[in-house]
Amino acid sequence: MSKIEQLVADLSTLTVLEAAELSKALEEAWGVSAAAPVAVAAAGGAAAAPAEAAEEQTEFTVVITDGGDKKINVIKEIRGIRSDLGLKEAKDLVEGAPQTVKENISKQEAAEIKAKLEAAGAKVEVK
C-alpha cells in the first residue's frame, strides 16, 4: 500500500472530534485557516441550508399578472399547463389576474411556462 492510500485509510477511521483536532493541529503547524469549510462541515445541514437557499433558488412560482388582449389563447395555454382546471376555472384564473399558475416548480419548467403564456399574450412573473 502506498503512503497516500495508507493515509486515506487512516483518516477514514477518525471520528468527527478527532478530525476537528487534526484540522486545528494542521492549521497551527502550517499557519493556515480552514475556518469556513470546517464550520459548515461541523454544523451540518442546518447551517448550510439557509446559505444555499440565499445563493440559488430551486423552487419557483409562475404568476400571471395580466391576461392580455388575447385571453382565449391564454386560457388555452393555461388549460395545457394545468390539466386539472376546466374551462371555467382557467378563464377565472386568467381574468382574476394576478393569480398563481403553478407553484414549487423547477427554473426550467417556470421559464417554459412563462414563454408559452407570453407568446399567447399574457404578462407573467416568475418568483
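**Group meeting: a walk through the chain**

Okay, so reading along the sequence, the pattern here goes α-α-α-α-β-α-α-β-α-β. In total that gives seven helices and three strands. Keep in mind that this is a predicted model.

Some overall numbers, then. The chain has 127 residues, and 20% of them are buried. Its accessible surface is about 9,100 Å², with 55% of that belonging to carbon and sulfur atoms. As for contacts with a separation of 6 or more, 63% are between residues 24 or more positions apart.

Let's go to the strands, starting with β1, residues 60–66. Is β1 mostly covered or mostly open? Mostly covered: of its seven residues, five are buried. And which strands does β1 pair with? One is β2, residues 99–105, which runs antiparallel to β1 and is joined to it by four bridges. If you want a spot to look at there, find Val 63 and its bridge partner in β2, Thr 100. The other is β3, residues 123–126, also antiparallel to β1, again over four bridges. On that side, look for Asp 66, which has Lys 123 of β3 standing opposite. And a general reminder while we're on strands: in a regular one, side chains alternate between the two faces of the sheet.

Now step back a little along the chain, into the loop that links α4, residues 45–55, to β1. Gln 57 sits in that loop. How accessible is Gln 57? Its relative accessible area is 41%, and because anything between 20% and 50% counts as partly exposed, that's the label Gln 57 gets. Gln 57 also gives us a nice long-range pair: Lys 107 is 50 residues away along the chain, yet the two C-alpha atoms are separated by 8.4 Å.

Last stop, the surface of the early helices. There's a nonpolar patch of about 630 Å², made by Leu 7, Leu 11, Leu 14, Leu 22, Leu 26, Trp 30 and Val 32. Which elements give two or more residues to the patch? Those are α1, residues 3–11, and α2, residues 16–30. The largest share is from α2, with three residues.

Take Leu 22, one of the patch residues, which lies in α2. Why can Leu 22 belong to a surface patch? Patch residues need over 30% relative accessible area, and Leu 22 has 34%, so it clears that cut-off while still being only partly exposed.

That's my tour: the paired strands, the loop with Gln 57, and the nonpolar patch.

Definitions and conventions:
Residues numbered from 1 in each chain as written. Predicted model: local features only at pLDDT ≥ 70, side-chain atom pairs only at ≥ 80, totals over all residues. Heavy atoms only, no water. Buried < 20%, exposed > 50% of the residue type's maximum accessible area, 1.4 Å probe, protein only. Pairing = 2+ DSSP bridges. Patch = residues over 30% accessible without salt bridge, like charges linked within 9 Å, V, L, I, M, F, W, Y side chains within 5 Å. Areas by Shrake-Rupley, 256 points an atom, 1.4 Å probe, with all protein chains shown as cover. Salt bridge = Lys/Arg side-chain N within 4 Å of Asp/Glu carboxyl O. Contact = heavy atoms within 4.5 Å.
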